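Visitor: I'd like a close look at just one part of this protein model. Could you walk me through a spot where two helices meet?

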Amino acid sequence: MALCTHAKAARLAPPSSSTAVYKEECTQCFDNYDMAAGIDVCLTCFNGACPDAPNNHAHQHAMKSGHQLALNIRRVPKHPDVGEGLPRPAKLTKLEIKDEAADEASKYEYKTFVRCWGCTGAKIDADAISTTESIQAVTRAIMHAVEATKRSEIKAWTEEVTSCEHFDALPQAVADGFSLDDLHSCSTCEKRENLWLCLSCGHVGCGRRQYDGSGGNNHAIDHFEQTGHRVSVKLGTITPEGTADAYCYACDDNKTDPRLAHHLKVFGINVLAQQKTEKSVAELQLEQNLKFDFSMTTADGAQMEPVAGPGLTGLRNLGNSCYMASILQCVFNIDRFRDRYFPTAADHFAVCTRPKPADCVLCQLHKLAHGLWSGRYAELQTDSDGRVAHQAGIPPAQFKDAIAQDHYEFSTMRQQDAFEFLLHLNKQIDIADRSVAGGSKAPTAVFDFKTEERLQCSECRKVRYKTQKASSISIPIIKRVLDETQNQQADSVDKLEYAPVAITECLDKMVGDEEVKGYRCPSCDKLTTAIKSTRFATFPKVLAVQVRRFELVNWVPEKLNVPVHVPLGKLEFGAYRGQGIQPGEESLPESDEDKEAESATPQQQQQQPVDEEVVAQLESMGFPRVRCVKAIKITGNNGPDAAMNWIFENMDDPTIDDPEEPQQQQQQSAADPEAVEQLMLMGFPKDRVEKALGATSGDANRALDRLLNMVDDDDDAVMTDRNDDSAALEASSDASPHGDDSMLKTDYELTGFVLHKGTSVHCGHYIASVRCGLTADDSKWFMFNDSRVASQSEPQPEQAYVYFFTRTDD
């Protein structure tokens, strides 16, 4: 087709270095540029979309946005030339950059053309495009741009690197015989890769030797040990902008050189003339993590039969993303989640008002559900020997970017706690679904229930009952060493052998009585000891259970490999139901102060000092400082174990990471009318919104957390007059979206679990096991190890970290 009116009238601008360009995968499904139809990249907003059936999201995007022009990109593998070897690399005679895409260019070629959706998707002739400089400039920029998800991955892998004093007033003296011609190889061993230039004298040495024998020969660090020259820069990473990988041997860490251009000028190197020829440390870390084979930690999975199909689609590892993949497989196996996002994907895409689907949490939830349950991307592969191999899986990169946006932990590429991600996922889903029918469609309601807390003064024997909203429980683990003599030589708790325990023992301990020393009784009006216990007030449709498998040993967090026996059939939770106030019990009087604080008022808790050594130990486990400090104060500075247990017990408290504020300031905070209106648009009543804003000093985000997770004041009333079944049933029906079943039905079956292998939640590997089927008798179990999915005839939940139990409402 010749140049159309849409192309002639187009006013286009190339993407800047900070513009997200989606050119490898559709932002609304998992079709990608390796498929026959390729990917259409919008020339206006750079959204990527599939241009063919069954979804044709490119046409939908054009109709909704009015952006008619798109660049179609299709990647095609090259066939190696027969009879000719690869050419030898040219001798490196100067400091210059090789094209980082050279390796990919030798394997693939790209077929591109411009199409106009205003003309029914017709292809515009290349000769016609060549006459329009603006379109050519945009298409060139798209082809050279870094794919948006890859750029965010590199950014997430990049550690925060700062400068140090050793780069300031750096003494420099060019060594005798120095020449720019010597920069292409190590001065000692002639290695040509991973070269480091000493900024003090100009010596060029190779990098460190790796454990597998690869890397350099340590000649750069040998030079430091011989001369004391502290700082160096990696050749090949220098850019015209004056950045490069720098290292300080005195600090033994990666650093930045704020005066790099000045320091290199001493050696006759002009940074403006440099081009990047080697991958940076961040890029190498990303590449290594993506290539890492986790099968070493899940060897049993390699022996299982690979499977693929709807609901059996693997999730590709993005580099330390197994914690997310394992939780997503368990959650999207729940009917409520699947039915909310899978069959309704097309409906949502048609009405979504967000300009870019990649930035919309709901769009990415629908995309993920379609990818997991459509079966379109679940195809078993064949290895080089013709045997059936595991599927490739789908990459949840855009989902991760959307759900973890700006989160201080989940937005990074470091390993995270799978249970904490479950809590974060549910919170983000609640927030996103609030924009649709006031959140009435949010599937997270299947996790919701209420707990009943009973507190009794040991002297006056009066009691107080309080209900709290919850979405999961955390149960303690019981340690019984099998052979004390045999295990005395074990150097860590993860190497000890423990006797198996039943999950009912852990549940019994969870609901057992706990002493609260220093409790100020409002009836006795003095400090006493109280007895506290927590049970279920209502029961959820799906119960998420975390097992507290980690404890501090000699200030180091270590894992407890205690086998927990969990039946694959029915498990009855009725014994853990709360009964409410009983005949003959007398309620504690109400008070304006928080009478249930352990030994101090909130103001006193804020003023009491904390042991910074304990804070440091808890922070080393990955917890944020505000959480650590709060845990230490609330537990009365009773050491790291007590603080860590409090953190695990209160993981789903929406205010757990709220900064401390004086109570007086909280009471005087005025509600911002704009924030009130914003939260009311999400379906919350005005009185609750104002109260939440007042309790959070007007912070809308923290107020939203309280609204989503805290029980309404009307439900916080002391539970009285529950002396018969009808009263209990009426109270539970009013408090729960599940109606009568939330109180009457207490039979559960295990339907999924997440297993952690490793010594810490922040390292190692997560895998998931999921039961597909209605009941334990007619269902099958499957193991999800990232992209690899296999049939599992004998699931092994004994060492699981998170369990999912589904209530049987037969």
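Guide: Let's go through one helix pair, and then take a short look at a sheet. Keep in mind that this is a predicted model. The pair to find is α10, which covers residues 322-331, and α15, which covers residues 418-433. Their axes come within 9 Å and cross at roughly 55°. Angles from 65 to 115 degrees count as roughly perpendicular and those under 35 as roughly parallel, so with its crossing angle α10 is oblique to α15. As for handedness, α10 passes α15 in a right-handed crossing.

Now zoom in on who's touching whom. On the α10 side you'll find Y323, M324, S326, I327, L328 and V331. Facing them from α15 are A418, F421, L422 and L425. Sort these residues by class and you get 9 nonpolar, 1 polar and no charged residues in the contact.

While you're here, swing over to the sheet. It's an open one with 5 strands, in the order β2-β1-β3-β4-β5, and the pairing is antiparallel. β2 (48-49) and β5 (122-124) are the edge strands: each has a single partner, so one side of each has no neighbour in the sheet. Further in, β1 (residues 39-42) pairs with β3 (residues 69-77) over 4 bridges, in the antiparallel sense. Look for V41, which stands opposite L71 in β3. A helix packs on this sheet too: α5 (residues 133-144) touches β1, β3 and β4 (108-116), and its direction makes about 40° with that of β3.

Notes: Residues numbered from 1 in each chain as written. Predicted model: local features only at pLDDT ≥ 70, side-chain atom pairs only at ≥ 80, totals over all residues. Heavy atoms only, no water. Axes fitted to C-alpha atoms, helices over the stretch in contact; angles between N-to-C directions. Helix = DSSP H or I, 4+ residues; strand = E, 2+ residues; numbered from the N terminus. Parallel < 35°, antiparallel > 145°, perpendicular 65-115°, else oblique. Left-handed = near helix turned anticlockwise from the far one by under 90°. Contact = heavy atoms within 4.5 Å. Nonpolar A, V, L, I, M, F, W, Y, C, P; charged D, E, K, R; others polar. Pairing = 2+ DSSP bridges.
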